[in-house]
Amino acid sequence: MTKIRQWSTLAVCALFLFGLPLWHLLSPDEEFSKSERRRLEQLPELTLSGVVGGEYFEEMEDYLLDQFPKRDAFRSVKSVFSFSVLRQKDVGGFYRQGGHLGKLETALDEAQFSYGIRKLNEVREALPKSCAVYYAVIPDKNVYLAQPNGYPHIDYDDMLRRLREGLENMTEISLFDLLDANDYYRTDAHWRQENLEPVVSRITQAMGVPTPDWSSWQPQELYPFQGVYLGQSALPVEPDTLVYLGNDVTDASQVSSLEASGGSTVYTPDRFSGMDGYDTFLSGAQALLTVENPLADTDRRLILFRDSFGSSLAPLLLESYREITLVDLRYFSSSLLGDYVDFDGADVLFLYSTSILNSAMLFK
Amino acid sequence: MVFSSVPFLYVFLPVVLLCCFVVPKRFKNLVLLAASLFFYYYGERAYTSLLLISSLSDYLHSLYIEKHRGTQRAKIALVSSIAVNLALLGFFKYADFLISTVNSLLRTSIPLLKVPLPIGISFFTFQTMSYTIDVYRGRVHAQKNLVTMGTFVCLFPQLVAGPIVRYSDITLELEQRSTTLDEVSAGARRFVVGLAKKVLVANAMGELCGLYRSAGEQTTLFALLYAAAFTIQIYYDFSGYSDMAIGLGLLFGFHFPENFNYPYLSRSVSEFWRRWHMTLGGWFRDYVYIPLGGNRVPRLLYIRNIFVVWALTGLWHGAAWNFVVWGLLFGVLLTAEKLFLDKWLQKCGRILPHVYVMAVVVLSFVLFNASSMQGALADIAAVLGLTGAPFAGTLSLYYLKSYAVLLAVSVVGCTPWPKKLALALPEGVRAVLEPVAMAVLLLLVTAYLVDGSFNPFLYFRF
């Protein structure tokens with residue numbers, strides 16, 4: 001029996017030590033990881049300078065990790081073990097609550113938050129007097145997941161209070177009471193476009209524009225939507241169904257981008273199968289976008305300072321405007337606004353999530 | 001290269017094992033030496049030459065000592081060898097400590113050299129010094145074969161983080177070794193257990209320590225969690241690495257000395273240091289304490305000897321004043337125990353001495369892990385609840401719940417109970433459970449390594 005035990009132990013160790021490298025050698029290298037939304041390291045070139053300088057070893061280490069056979073499965077093993085056996089409440093800051101995945105934000109980053117308020121005020125001050133200026137804070141999922149379930153979280157009441165006190169000459173549009181956890185994707189940070197009716201109503205009423213008829217939307221479904229948290233947490237959670245709402249207005253509208261030549265459409269479902277399925281909305285993150293609604297019976301224009309949440313909200317406001325310009329201050333310097341954006345007489349809405357406001361040093 | 005990494009586990013180790021298995025016996029040392037030099041080069045390209053210089057220096061010195069044994073020349077060669085080793089150690093590890101101390105005391109502004117610390121320098125210089133001293137003392141013969149000598153110094157299982165192996169420990173095995181099924185399976189088991197200790201426990205405790213440092217919450221509970229986490233981390237990290245080294249040694253036919261013996265069971269500080277980093281304690285005992293006279297001198301000199309050893313022990317661990325204070329703290333306690341405290345502890349039952357040792361050890365590790373003396377005092381004050389901060393807060397309660405299971409498991413793992421339980425099982429049950437346990441541990445370790453990134457060993461800075 002002792003010999004059986006000893007040989008079995010050695011066999012198991014040998015299986016791992018020799019079997020896994022062999023499996024790697026026999027498996028083709030992958031180019032990118034959809035779950036992690038990034039390109040994977042490829043086999044580095046062996047050069048004398050790389051060996052002497054050490055870069056070869058570093059690249060080889062990254063390559064071996066990235067191309068490890070069944071990498072996603074191993075990552076899931078770790079996550080499941082941490083949650084189910086060790087009963088950890090989060091793994092790498094990702095937690096699972098009520099079927100939802102979330103990412104912890106435990107404290108307000110004072111420096112970044114203060115910078116964000118200053119930046120928004122700077123932009124506000126440069127706007128013409130003819131602009132009606134509003135701001136709305138998009139609650140991140142932690143408001144409805146972390147806060148009620150004992151996870152550490154930012155003091156959102158304090159955050160909102162300080163925004164009210166700090167932002168100058170802007171009218172607040174409150175959104176926190178309109179949503180709950182189910183209005184967000186289970187596997188992603190973003191809200192579900194099909195659940196934004198109360199948000200659209202609140203914003204359009206506050207800004208004095210017609211509220212679109214919700215029954216006019218035709219939902220289109222795309223599956224499976226593997227949100228950003230799914231890949232990063234490596235937890236086994238059922239993917240979402242991404243729903244986008246189309247109608248005659250969104251079908252007719254034309255999108256032009258500062259970064260890409262030619263036009264585009266409001267929804268780009270062909271991008272659903274790319275790195276980030278959420279890029280279906282307005283083709284994803286871009287510095288400056290203009291969406292023109294040829295069917296508008298108004299000349300009103302909206303300048304929307306936004307983060308990625310704005311990509312799914314803007315199409316729902318199209319009926320109320322002839323043109324919506326979306327500015328992402330993370331990629332577009334505020335000093336260039338006057339050169340590219342006509343603010344005269346436009347409605348201006350600053351629409352940022354709590355997460356972005358907590359990392360506002362991203363604003364240029 | 002670290003043991004707990006994908007390149008080591010799934011490239012280096014299988015290749016080296018295969019090569020050692022297929023080459024004839026007379027080339028095994030050469031293969032091990034080449035592999036060990038590559039192992040060191042992978043992490044320390046610039047300083048591989050330093051390792052070679054240290055090895056060559058002691059190789060030549062020892063041959064000279066043996067040739068002139070009993071003469072003044074042998075003594076001079078010994079002093080020269082020690083001077084070379086201490087000069088290397090002094091320059092690469094302590095130069096900036098010395099400069100900054102001089103700057104503080106004399107208010108000068110001598111620029112720091114900022115020399116990067118070679119990995120494992122404290123380990124391999126002590127190893128080679130012990131070899132030369134043992135040759136001088138006549139305990140061992142000088143090794144004439146440079147490859148064999150190089151293998152002893154550079155052997156990758158214990159090169160960068162111990163145990164500190166003496167030449168006398170493996171003299172015969174360097175020349176002639178064999179492996180049995182019993183030893184190879186024991187080595188594999190020991191290696192996997194050590195790997196699991198490092199990756200599954202030590203790294204997680206390290207994360208908890210990092211969370212404490214980065215969190216804004218200042219509460220006594222969080223400080224206590226940090227202190228407990230670091231106490232667990234350093235034990236699992238270091239003993240895990242020693243387990244891996246000893247396990248690897250067995251795979252290649254070497255029997256390295258044990259380095260840990262459940263130190264957190266100790267009932268006195270003296271006992272703690274007989275169970276913690278035993279090879280370092282043994283080194284200082286044999287090469288510093290006993291040559292100074294040990295305890296066979298008048299009481300004042302005896303106390304001096306204790307303080308010299310413990311100041312040096314502290315300095316060995318790090319080039320900063322908090323390490324010296326850490327070492328001297330143990331010097332004070334050891335002296336007190338030897339003079340009167342030990343007798344008192346023996347009358348206190350079984351629990352109180354444990355509490356005393358753990359309190360001392362935990363606080364000493366808080367001191368040990370601080371970045372400066374001021375930081376150490378602040379950390380200790382936080383642990384003792386002397387800062388006026390609230391006892392608990394949202395974050396500390398959250399992390400206590402989140403890490404409760406791992407903390408509990410790792411506390412149990414600090415005792416011999418799991419091993420005793422495993423050994424008490426019938427052999428038939430063990431025949432099934434052991435390979436299953438190995439498979440589960442290897443699966444989990446691999447999962448953690450693939451998911452994580454670089455996880456360097458704590459004692460690498462020594």
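This presentation walks through a predicted model with chains A and B, beginning with chain A as a whole and ending with its salt bridges.

Good morning, colleagues. Let me begin with the overall picture of chain A. The secondary structure of this chain comprises 13 helices and 14 strands. Its C-alpha trace extends over about 85 × 45 × 40 Å along the principal axes. Of the 364 residues in chain A, 57% are buried. If we consider contacts in chain A between residues at least 6 apart in sequence, 72% of them join residues at least 24 apart. As for its surface, chain A exposes about 15800 Å², and carbon and sulfur atoms supply 51% of that area. Chain A carries 32 positive and 53 negative charges, and the mean positions of the two sets lie 7 Å apart.

I turn now to charge on the surface of chain A. Which residues form a negative surface patch there? They are A:E41, A:E55, A:E58, A:E59 and A:D62. One of them, A:E41, sits in the loop that runs between β2 (38–39) and α2 (48–53). With a relative accessible area of 33%, A:E41 is partly exposed, because that value falls between the 20% and 50% limits.

Next, please look at the loop between β10 (263–264) and β11 (288–292) of chain A, where A:D276 is located. Is A:D276 buried or exposed? Its relative accessibility is 16%, and therefore A:D276 counts as buried, the limit being under 20%. Leaving aside neighbours within four places in sequence, A:D276 contacts A:R37, A:F225 and A:R271. A:N182, by comparison, is 94 residues from A:D276 in sequence and 21 Å from A:D276 in space, C-alpha to C-alpha.

The loop between β10 and β11 also holds A:S283. This residue has a phi near 65°, a positive value in a residue other than glycine. A:S283 is buried, at 11% relative accessibility. Chain B offers a counterpart in B:K114, whose phi is near 55°, again positive in a residue other than glycine. B:K114 lies in the loop between α4 (72–106) and α5, and at 67% relative accessibility B:K114 counts as exposed.

Why do I point these out? Most residues other than glycine have a negative phi, and most peptide bonds are trans. On the second point, there are two cis peptide bonds to show you. In chain A, the bond from A:Y223 to A:P224 is cis, with omega near 0°, and A:P224 belongs to strand β7 (residues 218–225). In chain B, the bond from B:G162 to B:P163 is cis, with omega near 0°. B:P163 is in the loop between α7 (156–159) and α8 (167–175).

Let us stay with chain B. Helix α5 (residues 121–137) contains B:D134, which is buried, with a relative accessible area of 1%. What does B:D134 touch, leaving aside its neighbours within four places in sequence? Its contacts are B:R139, B:V140, B:R166, B:S168 and B:Y287.

On the surface of chain B, B:W344, B:I351, B:L352 and B:V355 make a nonpolar patch of about 440 Å². Helix α15 (residues 351–368) provides the largest share of that patch, three residues. B:L352 is in this helix and is partly exposed, with a relative accessible area of 46%.

I close with salt bridges. How many are found over all chains? The search of the whole structure gives 34. In chain A, the side chains of A:E31 and A:R39 form one at 2.7 Å, N to O, and both residues are exposed. In chain B, B:R285 and B:D286 are joined at 2.9 Å, N to O. B:R285 is partly exposed, at 42% relative accessibility, whereas B:D286 is buried, at 14%.

A further salt bridge, at 3.7 Å, N to O, links B:R430 with B:E427. These two residues are about one helical turn apart because they stand three residues from each other in helix α19 (residues 427–451). B:R430 is buried, with a relative accessible area of 14%, while B:E427 is partly exposed, at 23%. Both also take part in a network of salt bridges with A:R5, B:R189 and B:E434.

Thank you for your attention.

Key: Residues numbered from 1 in each chain as written. Chains lettered and ligands numbered in written order. Predicted model: local features only at pLDDT ≥ 70, side-chain atom pairs only at ≥ 80, totals over all residues. Heavy atoms only, no water. Helix = DSSP H or I, 4+ residues; strand = E, 2+ residues; numbered from the N terminus. Buried < 20%, exposed > 50% of the residue type's maximum accessible area, 1.4 Å probe, protein only. Contact = heavy atoms within 4.5 Å. Patch = residues over 30% accessible without salt bridge, like charges linked within 9 Å, V, L, I, M, F, W, Y side chains within 5 Å. Areas by Shrake-Rupley, 256 points an atom, 1.4 Å probe, with all protein chains shown as cover. Salt bridge = Lys/Arg side-chain N within 4 Å of Asp/Glu carboxyl O. Lys, Arg positive; Asp, Glu negative; His and termini not counted. Charge placed at Lys NZ, Arg CZ, Asp CG, Glu CD.
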